[in-house]
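User: I have a structure open and don't know where to start. Can we go through it piece by piece?

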Amino acid sequence: MATLAAEETAVPTTVDPSEEIAASTAGHYPVSLVIEDQPCLVVGGGPVAASKVRGLRIAGARVTVVAPSVVPVIERLAVQEPAVVVHRRTYRSGETAGYRLVITATGVADIDAAVARDATSRGIWVNSADDPANCSFILPSVHRDGRVTVAVSTGGASPALASWIRRRLARCCGQDMGALAELLGQARKRVQASGRPTNSVDWQGLLDGCLPGLVNVGRLEEARRLVELLVP
Ligand SMILES: C[C@@]1(CC(=O)O)C2=NC(=C\c3[nH]c(c(CCC(=O)O)c3CC(=O)O)Cc3[nH]c(c(CC(=O)O)c3CCC(=O)O)/C=C3\N/C(=C\2)[C@@H](CCC(=O)O)[C@]3(C)CC(=O)O)/[C@H]1CCC(=O)O
Ligand SMILES: NC(=O)c1ccc[n+]([C@@H]2O[C@H](COP(=O)([O-])OP(=O)(O)OC[C@H]3O[C@@H](n4cnc5c(N)ncnc54)[C@H](O)[C@@H]3O)[C@@H](O)[C@H]2O)c1
């Protein structure tokens, strides 16, 4: 397996921050929100809203959906999951209050804009689907495998490109990044429990070896033994 070039692994202490900032035109700050149990509002109940509800639930959020009609997948979630509540009616002005995060996907420009204004005036983060002018955050294209998340944004330039890159990265990572993360997570806990700093282990060296390949072909037990040997 090819090893990484030094510049890919180095801590970027030598990069001049002003040069890096000047070279970037993204204008967005990527984060992974801790949203478990947090109240979130989705306005709209079509297929696009459904995909947002699904994403929020995967992250463990409590989701309220407001829409006069909802697609069957949202109906099912509301029946199966106490964390999903549906109000079958139109959006009421001001009802973003009390939510941590809001997504609007009605496709009705005036409604989406009103929801965005309501949320923004209260300092609540809001995404309006396909409507960057009414977004205080935009959504990336996401691939998940267990606790590994690959999120791709083009800064709004080309969602189709984001989706294409996401599919390529998913193929390139293979199917077992989640299992690999679990193995390394356990090893890291052992290191922490023993009082050693986590940077005392050459994690990159370990990953440049045969470990990912073993996991990738399903030889998990051998992978586990290898990690236990190298990171006791
Ligand atoms: C990633 C993804 C996440 C998601 O929405 O869940 C997402 N769009 C997805 C798909 C997609 N959306 C569109 C197409 C058609 C092809 C194309 O236009 O490229 C495709 C491709 C497809 O369907 O395959 C149309 C479109 N999208 C926006 C506009 C308005 C504009 O650009 O002004 C228009 C034109 C509407 C029109 O006028 O017709 C705007 C946004 N769409 C974003 C995210 C944000 C920027 C993301 C970034 O930084 O790249 C941003 C800015 C706001 C937001 O919605 O958060 C999801 C990938 C799902 C996946 O993973 O497969
Ligand atoms: N980002 C993406 O992936 C993506 C992809 C396609 C479309 N879109 C955008 O998302 C929008 C929604 O797409 P869709 O296919 O789900 O649309 P849709 O027309 O199927 O659903 C719209 C939903 O909004 C509800 N609604 C309408 N008025 C409302 C109001 N006043 N209050 C509350 N709910 C109301 C409707 O009852 C319905 O449930 C599209 O118009 C488009 O702009 C985004």
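Analyst: We can start with ligand 2. This is a predicted model. There are 21 residues around ligand 2, and those that come nearest are Gly-44, Gly-45, Gly-46, Val-48 and Gly-107.

User: Which helix gives the most to that shell around ligand 2?

Analyst: Helix 3, residues 47-58, with three residues.

User: And how do the residues of that shell divide into nonpolar, polar and charged?

Analyst: Around ligand 2, 13 are nonpolar, seven are polar and one is charged.

User: Ok, the other ligand. Which residues come nearest to ligand 1?

Analyst: Ser-141, Pro-159, Ala-160, Ala-162 and Ser-163, out of 20 residues around ligand 1. Helix 6, residues 159-173, supplies the largest share of that shell, with five residues.

User: What about the classes there?

Analyst: The shell around ligand 1 has nine nonpolar residues, nine polar ones and two charged ones.

User: Back to helix 3. At what angle do the axes of helix 3 and helix 4 cross?

Analyst: At roughly 35°, and the axes come within 9 Å. Helix 4 covers residues 72-80. The crossing of helix 3 past helix 4 is left-handed.

User: Which residues meet there?

Analyst: From helix 3, Ala-49, Ala-50, Val-53 and Arg-57; from helix 4, Val-73, Ile-74 and Leu-77. By class, that contact has six nonpolar residues, no polar ones and one charged one.

User: Now helix 7 and helix 10. How far apart are their axes?

Analyst: The axes are 10 Å apart, at an angle of about 25°. Helix 7 is residues 177-193 and helix 10 is residues 220-230.

User: Why call them roughly parallel?

Analyst: Angles under 35 degrees count as roughly parallel, so helix 7 and helix 10 get that label. Helix 7 passes helix 10 in a right-handed crossing.

User: Which residues make the contact?

Analyst: Helix 7 brings Ala-179, Leu-183, Leu-184 and Ala-187, while helix 10 brings Leu-220, Ala-223, Arg-224 and Val-227. Seven residues of this contact are nonpolar, none is polar and one is charged.

User: Last topic, confidence. What is the mean pLDDT of the chain?

Analyst: The mean is 92, and 90% of the residues reach 70 or more. For the complex, the predictor gives an ipTM of 0.94 and a pTM of 0.91.

User: Where does pLDDT stay under 50?

Analyst: Over residues 1-9, for which the model has six contacts beyond four places in sequence. Predicted coordinates should not be read in detail where pLDDT is low.

Note on methods:
Residues numbered from 1 in each chain as written. Chains lettered and ligands numbered in written order. Predicted model: local features only at pLDDT ≥ 70, side-chain atom pairs only at ≥ 80, totals over all residues. pLDDT = per-residue confidence, 0-100. Contact = placed C-beta atoms within 7 Å. Axes fitted to C-alpha atoms, helices over the stretch in contact; angles between N-to-C directions. Helix = DSSP H or I, 4+ residues; strand = E, 2+ residues; numbered from the N terminus. Parallel < 35°, antiparallel > 145°, perpendicular 65-115°, else oblique. Left-handed = near helix turned anticlockwise from the far one by under 90°. Nonpolar A, V, L, I, M, F, W, Y, C, P; charged D, E, K, R; others polar. Near = placed C-beta within 6 Å.
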